[in-house]
Amino acid sequence: MTSDSDDALSWDGDDGVPSKAPAPKDSDRAVSAPRGEAPDDAALPDGWNAVGRGSEAVGRVDTDGTVTMPAEQGASHLSTAMLLTLGVVGGVYLLYSIGWVVGGLRLKPLANLIVDDAMYVPWFVLAVAAPALWFLTVWVLTRAKAAWIRIGLLLLGVVLLVPWPFVTVGVIGS
């Protein structure tokens, strides 16, 4: 019989001595599935990542032993291209909000000749907030849609929300 320190230096079955490891339980055995598909109850512990076909269907085993499947996890990751597009469009929307502030403040003296402040200020605030509201609305309503729908609606907002007072009058005014 070998000592415990010698066990680390040998492979199971080298000496014909049976291993001291317990027999695997049903929950420890690998579940076979048809090629290209993950089994319904496949799960990995933290630190392990499934790759290849069917990897999106593999769940996670929490520290308390419960299995969380991907449908229950709810966390979806955005691609690099989608993150870059969202950042650029978000920056454009931020510039649009600044353009609405600058253009609206430049237009205010002229607008006071026609309408009162009680009519001008709410629409001014709504115009400044419109790009952020559009971005948030598209983000929330297209969560389960295809990426091209989200990008299309964001680009539609880029066209529709142009700060026309800033574009036509500019910072200096006429």
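Tyr93 is buried, its relative accessible area being 3%. The model discussed here is predicted. Tyr96, at a relative accessible area of 14%, is likewise buried. Both residues belong to helix α3 (residues 80-111), where a spacing of three residues places about one helical turn between them.

**Aromatic pairs**

The count of aromatic pairs in this model is three. Among them is the pair of Tyr93 and Tyr96, whose ring planes stand at 50° to each other, with 6.5 Å centre to centre. This pair is classed as tilted, because an angle that is neither under 30 degrees nor over 60 falls into that class. Another of the pairs joins Tyr120 and Phe124, which are stacked. Two of the pairs are set out below.

| Pair | Centre to centre | Angle between planes | Class |
|---|---|---|---|
| Tyr93 and Tyr96 | 6.5 Å | 50° | tilted |
| Tyr120 and Phe124 | 6.0 Å | 15° | stacked |

**Helix α4**

Tyr120 and Phe124 are both part of helix α4 (residues 117-141). Four residues, or about one turn of the helix, lie between their positions. Tyr120 has a relative accessible area of 13% and is therefore buried, the limit for that class being under 20%.

**Ring cluster and charge contact**

Which residue joins Tyr93 and Tyr96 in a cluster linked by ring pairs? That residue is Phe135. A contact of another kind involves Trp139 and Arg150: the charged end of Arg150 sits over the Trp139 ring, at 4.3 Å from the ring centre.

How values were computed. Residues numbered from 1 in each chain as written. Predicted model: local features only at pLDDT ≥ 70, side-chain atom pairs only at ≥ 80, totals over all residues. Heavy atoms only, no water. Helix = DSSP H or I, 4+ residues; strand = E, 2+ residues; numbered from the N terminus. Buried < 20%, exposed > 50% of the residue type's maximum accessible area, 1.4 Å probe, protein only. Lys NZ or Arg CZ within 6 Å of the ring centre and 35° of its normal.
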